[in-house]
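Hello,

Here is the structure I said I would pass on to you. Please have a look at the sequence and the model first, and then read my notes underneath.

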Number of protein chains: 2
Amino acid sequence: MENKPRSEDRRVRRTKKLLTQALTSLMKEKQIKDITVKELTDRADMNRGTFYLYYRDIFQMLESIEDELLEALNQILGEKLGETPLNEQMLTEMFEFIRENREIMGVLMSFRGDICFLYRLNRLIREKCMTIWDITTERESEFNYDYNFVAFGCAGLVMAWIDRSCPETSEKLARRVNDILQGQRIGVKAYSRSEKAGII
Amino acid sequence: MENKPRSEDRRVRRTKKLLTQALTSLMKEKQIKDITVKELTDRADMNRGTFYLYYRDIFQMLESIEDELLEALNQILGEKLGETPLNEQMLTEMFEFIRENREIMGVLMSFRGDICFLYRLNRLIREKCMTIWDITTERESEFNYDYNFVAFGCAGLVMAWIDRSCPETSEKLARRVNDILQGQRIGVKAYSRSEKAGII
DNA sequence: GATATAGTCAACACCATGTTCAGTATTTCA
DNA sequence: TGAAATACTGAACATGGTGTTGACTATATC
């Protein structure tokens, strides 16, 4: 995220950064559909016309922010699929990246966020798993349910983590996810006062 | 969902139903932000003004559809919290409800859906768990991570299920979720070709 | 320091929105 | 079944955010 192509003019970098900050800030206050370009550029302290130099509308702007985040995550996952394993080390790196960008990541995954981003993130990791594990189409259906459980489960866990401003280290979170995936009992049943109380 | 208060005029029921169908249909084709009231009422074959008799805008309409779904699910969960356990029977009932309303549920949970709905659904179940299991505030943090993993994991599993038009029975799905929650190994590791390939 | 490029400011047409009102159609209930 | 109530239609209207343009100013690059 930080090291963008230096080809862009300093002013361009500044403008985009200010707009991103303003959008992040506004999305903490209201739904994206209720944010106007005027409001956004006012907060970024710039002319409304400047916005249109780079983005078609606010939704497209959000999408382009998502593009950058996903591209960066893709880099971490290893550009050439199948080369790097999805291990605890890699989970740590991903969580660290999320932590570093927790402002915008938090917004995107919050109730004011974008379900599309969750899906794109999900697919990114999913495709890597498919390649690494060489899932055939016959096994795909079976794979899909469990995969989705784990993937969205992780997303949920990360949401709770960001929501608390990432108090635990990325390493600890990666270890927790690792433990769960290694087959460790998900600690929910432990909360039940009695066996009879239910199973969830 | 089906048995609404009969107090409403038949025309009103008809209008709302047509609008809901039209919205569901349109959301399969495009994002909600790109749907105009004109487009919606055209598809529902009615006057544009009629829409405003019941809804302020399209987003508010979606919200009111969500309200009804969540209210119905709340009924299934038992109105008086803490009275009914969250067991396999109840999971089956919930999945059956989702299956019956899979058209709109599918849209709401799809990549064109509403992240807010996921959060509301999550909170609904969460609050019930908190009450039943008598989670104290000290234990809440610990509980939160695991709970979120399971809750969003279930959501992900359901998404995959709806996405395939619910081929498995609600009973079978409830059993699968039950198995996972009972501590059964989540079947992802099984897909790995070798132990070295990674842990996710 | 010269040139290129980015940002500002004001003005503009456009179009979906949300509201209104009079007239018509349908439902409800006595 | 008929009358009163209520819902829907169709057209008109003001409004406000949108996206674009062109001339001018400010800033970065080399």
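Let me start with a single residue: E8(A) has a relative accessibility of 23%, so E8(A) counts as partly exposed. On this scale, buried means under 20% relative accessible area, exposed means over 50%, and partly exposed is what lies in between (1.4 Å probe, protein chains only).

Some ground rules before we go on. This is a predicted model, in which local features need pLDDT of at least 70 and side-chain atom pairs count only at pLDDT 80 or more, while totals for chains, interfaces and linings use all residues; side-chain values use heavy atoms, without hydrogens or water. Residues are numbered from 1 along each chain as its sequence is written, and chains are lettered from A and ligands numbered from 1 in the order in which they are written.

Chain A

Chain A has 9 helices and 0 strands. Helices (H or I, at least four residues) and strands (E, at least two) are DSSP runs, numbered from the N terminus. Of its 200 residues, 52% are buried. If we look at contacts (heavy atoms within 4.5 Å) between residues of chain A at least 6 apart in sequence, 60% of them join residues at least 24 apart. The accessible surface of chain A is about 10000 Å², and 47% of that belongs to carbon and sulfur atoms. Such areas come from the Shrake-Rupley method with a 1.4 Å probe, and for residues only the protein chains shown count as cover.

Salt bridges

The whole structure holds 24 salt bridges over all chains. The term stands for a side-chain nitrogen of Lys or Arg within 4 Å of a carboxyl oxygen of Asp or Glu.

Our opening residue, E8(A), pairs with K16(A), and their closest N and O atoms are 2.8 Å apart. K16(A) counts as buried because its relative accessibility is 18%.

A second bridge joins D67(A) and R120(A), with 2.5 Å between the closest N and O atoms. This pair links distant parts of the chain: D67(A) sits in helix α4 (residues 58-76) of chain A and R120(A) in helix α7 (residues 115-133) of chain A, 53 residues apart. D67(A), at 33% relative accessibility, counts as partly exposed, and R120(A) is partly exposed with a relative accessible area of 22%.

In chain B, R11(B) forms a salt bridge with D9(B), the closest N and O atoms being 2.8 Å apart. R11(B) counts as exposed because its relative accessibility is 62%, whereas D9(B), at 34%, counts as partly exposed. Back in chain A, salt bridges with shared partners join E66(A), D67(A) and R120(A) into one network.

DNA strand C

What surrounds DNA strand C? There are 19 residues around it, and T15(A), T50(A), Y54(A), R11(B) and R48(B) come nearest. A residue is near a molecule or strand if one of its heavy atoms lies within 4 Å of it. By class, the surface near DNA strand C has 6 nonpolar, 4 polar and 9 charged residues; Ala, Val, Leu, Ile, Met, Phe, Trp, Tyr, Cys and Pro count as nonpolar, Asp, Glu, Lys and Arg as charged, and the others, Gly among them, as polar. The largest share of this surface, 3 residues, comes from α1(A).

R11(B) turns up again here: an N or O atom of its side chain is 2.7 Å from a base oxygen of DNA strand C. On the phosphate side, a backbone N or O atom of N47(A) lies 3.0 Å from a phosphate oxygen of DNA strand C, and an N or O atom in the side chain of R10(B) is 3.3 Å from a phosphate oxygen of the strand. These are polar contacts, meaning pairs of N or O atoms within 3.5 Å; within protein, one must be able to donate a hydrogen and the other to accept it, and residues adjacent in sequence count only if both atoms are side-chain atoms.

DNA strand D

The nearest of the 19 residues around DNA strand D are R11(A), T15(B), N47(B), T50(B) and Y54(B). Sugar and phosphate make up 67% of the atoms of DNA strand D that come within 4 Å of the protein. A polar backbone atom of N47(B) is 3.0 Å from a phosphate oxygen of the strand, and α1(B) gives the largest share of the surface near DNA strand D, 3 residues.

Enjoy exploring it!

Best wishes
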